Amino acid sequence: MKENALGTRVKIVGWLWILNGVLSVLIAIIGLIIANLNIPGSGDSVLVSVGALCFFIPGIIAYILTGYGLLNYKSWARILAIILAILNLILFPIGTAIGIYTLWAMFKDENKALFAAGS
């Protein structure tokens, strides 16, 4: 199947998920750097920051993996994108915007055909 405007929208959604993952990594690194500053009374902040980073790593990996799969029209990526989009709706404003755009693009009938064909 030939890539059309909807296929371009799928590519945009893919890049948005990759960008979301990369920005999440950068935010986590900045958080670790701030936690390592010797601020009086912040003795446990490094431990908390590392724990939070370990908690968010699976989500970050899922964002980047979803983006990669969408760019290659993998059927599993469409399902994962829908799940992540629904979960991200509560993360106002960026997560909400990416979630709405993802859901809109993934439920187009033409896009279902793109993923079925594995273009």
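**Figure 1. Ile34 sits in helix α1.** This is a close-up from a predicted model. Ile34 has a relative accessibility of 47%. Buried would need a value under 20%, and exposed a value over 50%. Ile34 therefore counts as partly exposed. Ser49 is the partner to look for in this view. Ile34 and Ser49 are separated by 15 residues in sequence. In space, their C-alpha atoms are 9.3 Å apart.

**Figure 2. The whole protein is built from helices, with 5 helices and 0 strands.** Along the sequence, the order reads α-α-α-α-α. The protein has 119 residues, and 33% of them are buried. How much of its contact network links residues 24 or more positions apart? Such pairs make up 67% of the contacts with a separation of 6 or more. The exposed surface comes to about 7,200 Å². Carbon and sulfur atoms supply 75% of that surface.

**Figure 3. The largest nonpolar core holds 18 residues.** Which of them touch the most other members? They are Val10, Val13, Trp17, Leu70, Met106 and Phe115. Elements giving two or more residues to this core are α1 (5-36), α2 (45-71), α3 (75-88), α4 (94-106) and α5 (109-117). The largest share comes from α3, with 5 residues.

**Figure 4. Val10 makes contacts with residues beyond its sequence neighbours.** Neighbours within four places in sequence are set aside here. What remains is a set of five names: Leu70, Tyr73, Met106, Asn111 and Phe115. Val10 itself is one of the core residues that touch the most other members. So are Leu70, Met106 and Phe115 from its contact list.

**Figure 5. Tyr73 occupies the loop between α2 and α3.** Is Tyr73 buried or exposed? Tyr73 counts as buried, because its relative accessibility is 3%, and the limit for buried is under 20%. The backbone of Tyr73 also deserves a look. Its phi is near 55 degrees. That is a positive value in a residue other than glycine. Tyr73 is also in contact with Val10.

**Figure 6. Helices α3 and α4 cross at roughly 145 degrees.** Two packed helices are described by the angle between their axes and the distance between the axes. Here the axes come within 8 Å. The crossing of α3 past α4 is left-handed. On the α3 side, the residues that meet α4 are Arg78, Ala81, Ile82, Ala85, Ile86 and Asn88. On the α4 side they are Gly95, Thr96, Gly99, Thr102, Leu103 and Met106. By class, this contact has 6 nonpolar, 5 polar and 1 charged residues.

**Figure 7. A cis peptide bond joins Phe92 to Pro93.** Its omega is near 0 degrees. Where is Pro93 found? Pro93 belongs to the loop between α3 and α4.

**Figure 8. Trp104 is part of helix α4.** Its relative accessible area is 39%, so Trp104 is partly exposed. Ala85 is the second residue in this view. Trp104 and Ala85 are 19 residues apart along the chain. Their C-alpha atoms are separated by 10.0 Å. Ala85 also appears among the α3 residues that meet α4.

**Figure 9. Thr8 belongs to helix α1.** Thr8 has 39% relative accessibility and therefore counts as partly exposed. How many residues separate Thr8 and Ala105 in sequence? The gap is 97 residues. In space, Thr8 and Ala105 are 10.0 Å apart, taken from C-alpha to C-alpha.

Note on methods:
Residues are numbered from 1 along each chain as its sequence is written. This is a predicted model: local features need pLDDT of at least 70, side-chain atom pairs count only at pLDDT 80 or more; totals for chains, interfaces and linings use all residues. Side-chain values use heavy atoms; hydrogens and water are left out. Helices (H or I, at least four residues) and strands (E, at least two) are DSSP runs, numbered from the N terminus. Buried means under 20% relative accessible area, exposed over 50%, partly exposed in between (1.4 Å probe, protein chains only). Contact means heavy atoms within 4.5 Å. Accessible areas come from the Shrake-Rupley method with a 1.4 Å probe; for residues, only the protein chains shown count as cover. A nonpolar core is a set of buried Ala, Val, Leu, Ile, Met, Phe, Trp, Tyr and Cys residues joined through side-chain atoms within 4.5 Å. Axes are lines fitted to C-alpha atoms, for helices over the stretch in contact, and angles run from 0 to 180 degrees between N-to-C directions. A crossing is left-handed if the near helix is turned anticlockwise from the far one by less than a right angle, and right-handed if clockwise. Ala, Val, Leu, Ile, Met, Phe, Trp, Tyr, Cys and Pro count as nonpolar, Asp, Glu, Lys and Arg as charged, and the others, Gly among them, as polar.
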